Amino acid sequence: MGLRIVLEIVFGRDDGGTIVEECRRCGTSREPDGVSCPTCGCDGVARYRIE
């Protein structure tokens, strides 16, 4: 289990919101489990919680 997943389990809260992940370089929407951007290969992720 990855560190990110563990931290989400420990510190995350389920408020019913939707989590959107985008590549920090090109803005492509990503799957939450994605390792790198399918478009440009960048590992940087911007996360937004939409309630």
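## A pair of partners to start from

In strand β3, E21 has R47 as its bridge partner. E21 itself sits in strand β1. Strands here, like helices, are DSSP runs numbered from the N terminus, with at least two residues of type E for a strand and at least four of type H or I for a helix.

Before going further, a word on what you are looking at. This is a predicted model, in which local features need pLDDT of at least 70, side-chain atom pairs count only at pLDDT 80 or more, and totals for chains, interfaces and linings use all residues. Residues are numbered from 1 along each chain as its sequence is written, and side-chain values use heavy atoms, with hydrogens and water left out.

## The chain as a whole

The chain holds one helix and three strands. Read from the N terminus, the elements follow the pattern α-β-β-β.

Of the 51 residues in the chain, 14% are buried; buried means under 20% relative accessible area, exposed means over 50%, and partly exposed lies in between (1.4 Å probe, protein chains only). The chain exposes about 4000 Å², and carbon and sulfur atoms supply 54% of that area. Such areas come from the Shrake-Rupley method with a 1.4 Å probe, and for residues only the protein chains shown count as cover. Among contacts between residues at least 6 apart in sequence, 41% join residues at least 24 apart, where contact means heavy atoms within 4.5 Å.

## How the sheet is put together

The three strands form an open sheet in the order β2-β1-β3, with antiparallel pairing. Its edge strands are β2 and β3, each of which pairs on one side only. Two strands count as paired if DSSP finds at least two bridges between them. As background, strands of a sheet pair through backbone hydrogen bonds, either parallel or antiparallel.

Strand β1 covers residues 18–23 and runs antiparallel to β3, with six bridges joining the two. Besides the opening pair, I19 is matched with R49 in β3. On the other side, β1 and β2 are antiparallel as well, over two bridges, and E22 has S29 in β2 as its bridge partner. β1 and β2 form a hairpin with five residues between them, and G27 in the turn has a positive phi of about 85°.

## E21 and its salt bridge

How many salt bridges does a search of the whole structure find? It finds one. The side chains of R47 and E21 form a salt bridge, at 3.1 Å from N to O. This pair links distant parts of the chain, with R47 in strand β3 and E21 in strand β1, 26 residues apart. A salt bridge is defined as a side-chain nitrogen of Lys or Arg within 4 Å of a carboxyl oxygen of Asp or Glu. In general, side chains of opposite charge can pair when their charged atoms come close.

Is E21 buried or exposed? E21 counts as buried because its relative accessibility is 1%. R47, by contrast, is partly exposed, with a relative accessible area of 38%. Leaving out residues up to four places away in sequence, E21 touches R4, T28, S29, R30, E31, P32, V45, A46 and R47.

## R30, a buried arginine

R30 is found in strand β2. R30 is buried yet has no salt bridge, and the nearest side chain of opposite charge, that of E21, is 4.4 Å away. For charge, Lys and Arg count as positive and Asp and Glu as negative, while His and the chain ends are not counted. Beyond its neighbours within four places in sequence, R30 is in contact with several residues, including E22, C23, C37, P38 and C42.

## The loop between β2 and β3

G44 belongs to the loop between β2 (29–30) and β3 (45–50). With a relative accessible area of 22%, G44 is partly exposed. Outside its neighbours within four places in sequence, G44 is in contact with E22, C23, R24 and R30. The C-alpha atoms of G44 and E21 are 10.0 Å apart, and the two residues are separated by 23 residues along the chain.

V35 is also placed in the loop between β2 and β3. V35 counts as exposed, at 71% relative accessibility. Not counting residues up to four places away in sequence, V35 touches R30 and D43. V35 and V45 are ten residues apart in sequence, and their C-alpha atoms are 9.5 Å apart in space.
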